[in-house]
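The following exercises concern the arrangement of a protein chain and the surroundings of its ligand. Please study the sequence and the structure before reading each solution.

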Amino acid sequence: MEGIYSPAWMTPEVAQFREAARRFAREHLEPADLEWRADRQASRAAWRKAGELGLILPDVPEEYGGAGGTPAHAAVAFEAVAYSGNTGLGLGLNYIVGHYLLRYGTEAQKRRWLPGLASGEVVGAIAMTEPGTGSDLQAVRTRAERRGESYVINGSKIFISNGQLCDMVVVVTKTDPSQGSKGVSLIIVDAATPGFRRGKALDKLGMEGQDTSEMFFDDCTVPADCLLGGQEGRGFYQLMEQLAFERAQIAVNAVGAMTRAYDLALEYVKQRSAFGQALIDFQNTRFVLADVKATVLASSTFADLIVQKWIDGSLDPATASMGKFWLSERQGEVIDRCLQLFGGYGFMREYPIARLYADARAQRIYGGANEIQRELVGRTL
Ligand SMILES: Cc1cc2nc3c(=O)[nH]c(=O)nc-3n(C[C@H](O)[C@H](O)[C@H](O)COP(=O)(O)OP(=O)(O)OC[C@H]3O[C@@H](n4cnc5c(N)ncnc54)[C@H](O)[C@@H]3O)c2cc1C
């Protein structure tokens, strides 16, 4: 099935870029999926290949190493990667980190990090969640204390994507714990800094190729000019603004993954037979796939709207949150129903549908649990 396809923003040039992203996904992601899951991380070579093709920071200006496109380019790249079923390559994190830098970074911070993040030479991470708090970001305890021309960071983070491979981390800290959300600041930490330590890659239910990890900061001392944007207390505002784009990304990924599930199921039911006929010849199979097809189409249409707003600069947090919770839930339903058509094979990890199923579960949790998304929408009513 086509996936996101809006004629409004799918210009011939974006469609061509999408083809390049799909080719990359077919040639470099699909064949590597099981190997990366066993290794619990993606290969550096794939990061660099994605960078070469302009897939990591598609809408960052060329002067900073990006591909100089628009969010339409980013959306088709995310969708193509999600369609591959290989969730190991955390390109989305470089995208998020890149956009924090582009939007709030000082000129020196942009020049230092963006070209490497775009080329895949530098792997980025964003560390918000802590063992004691995830949804309630204001309650983070990681402390960054100003001492002369440095910040000394102490604390720990958990569930951080790209945790093993990352060369730099944007860390959510408290620079002034007495100020609540106004005491939150984002600090860029070079992973080579003494006092920064990573735990091992966590053992997860799905997305095993993604090196989700714990991180520890023990008197990790960075120069004061690592404060994102150079002004303390802006972190919460920066997070609130950028989280909408992270949620839009999750929404688009949901469409990529559910489209793949539909395609896999359709192919399977045509070649598998039971009781002397192909599975597709059972009315139930056709009804399930008709339902699924309608859900994928409705989901794609919603994602198209989100991408259009993203391009126009009018993507509001509530629409991004609706997209995140609604599409990640449709993703779970669609994949579950498609998996059923595979019978026992659907439960075997060797089959991509089983891995799509396991990986889908995290989409309702990360980027802000779906309950938090409903809260955010609820507040706008
Ligand atoms: C695969 C994976 C990758 C991740 N990558 C990153 C990353 O790169 N960086 C990062 O910082 N974090 C990352 N996370 C963490 C993720 O963002 C958090 O797990 C998530 O925000 C939820 O926080 P928590 O786990 O502390 O759950 P809690 O905050 O303890 O919440 C638990 C549950 O309580 C309920 N709940 C909480 N608050 C409310 C409320 N106000 N109203 C109603 N119900 C509520 C929800 O059901 C929620 O799921 C990742 C997580 C996973 C699984």
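**Exercise 1.** Determine how domain 1 and domain 3 are placed relative to each other, and describe the interface between them.

*Solution.* Step 1. In this predicted model, the centres of domain 1 and domain 3, taken over C-alpha atoms, are separated by 21 Å. The bounds are 12-122 for domain 1 and 237-378 for domain 3, with domain 2 (125-233) as the remaining part of the division.

Step 2. Consider the contacts, for which heavy atoms must lie within 4.5 Å. On one side 21 residues of domain 1 take part, and on the other 22 residues of domain 3.

Step 3. The size of an interface is often expressed as the accessible area that is lost when the parts come together. Here domain 1 and domain 3 bury about 2,000 Å² between them, and 59% of this area is on carbon and sulfur atoms. Y83, Y100 and Y104 provide 30% of the area that domain 1 buries against domain 3, more than any other three residues.

**Exercise 2.** Establish which domains give residues to the shell around the ligand, and characterise that shell.

*Solution.* Step 1. Domain 2 and domain 3 both contribute residues to the shell, and therefore the ligand lies between them.

Step 2. Of the 17 residues around the ligand, M128, T129, S135, F159 and S161 come nearest. The shell comprises ten nonpolar residues, six polar residues and one charged residue.

Step 3. Examine the backbone N or O atoms. One of I126 lies 2.9 Å from a nitrogen atom of the ligand. Oxygen atoms of the ligand are approached by M128, at 2.8 Å, and by G134, at 3.1 Å.

Step 4. Taken alone, the ligand exposes 970 Å², of which the protein buries 66%. The elements β1 (124-127), β3 (150-160) and α11 (370-378) each give two or more residues to the shell.

Technical notes. Residues are numbered from 1 along each chain as its sequence is written. This is a predicted model: local features need pLDDT of at least 70, side-chain atom pairs count only at pLDDT 80 or more; totals for chains, interfaces and linings use all residues. Side-chain values use heavy atoms; hydrogens and water are left out. A residue is near a molecule or strand if one of its heavy atoms lies within 4 Å of it. A polar contact is a pair of N or O atoms within 3.5 Å; within protein, one must be able to donate a hydrogen and the other to accept it, and residues adjacent in sequence count only if both atoms are side-chain atoms. Accessible areas come from the Shrake-Rupley method with a 1.4 Å probe; for residues, only the protein chains shown count as cover. Helices (H or I, at least four residues) and strands (E, at least two) are DSSP runs, numbered from the N terminus. Ala, Val, Leu, Ile, Met, Phe, Trp, Tyr, Cys and Pro count as nonpolar, Asp, Glu, Lys and Arg as charged, and the others, Gly among them, as polar. Domain bounds come from an automatic or database domain assignment. Buried area is the accessible area (1.4 Å probe) that two parts lose on being put together, summed over both.
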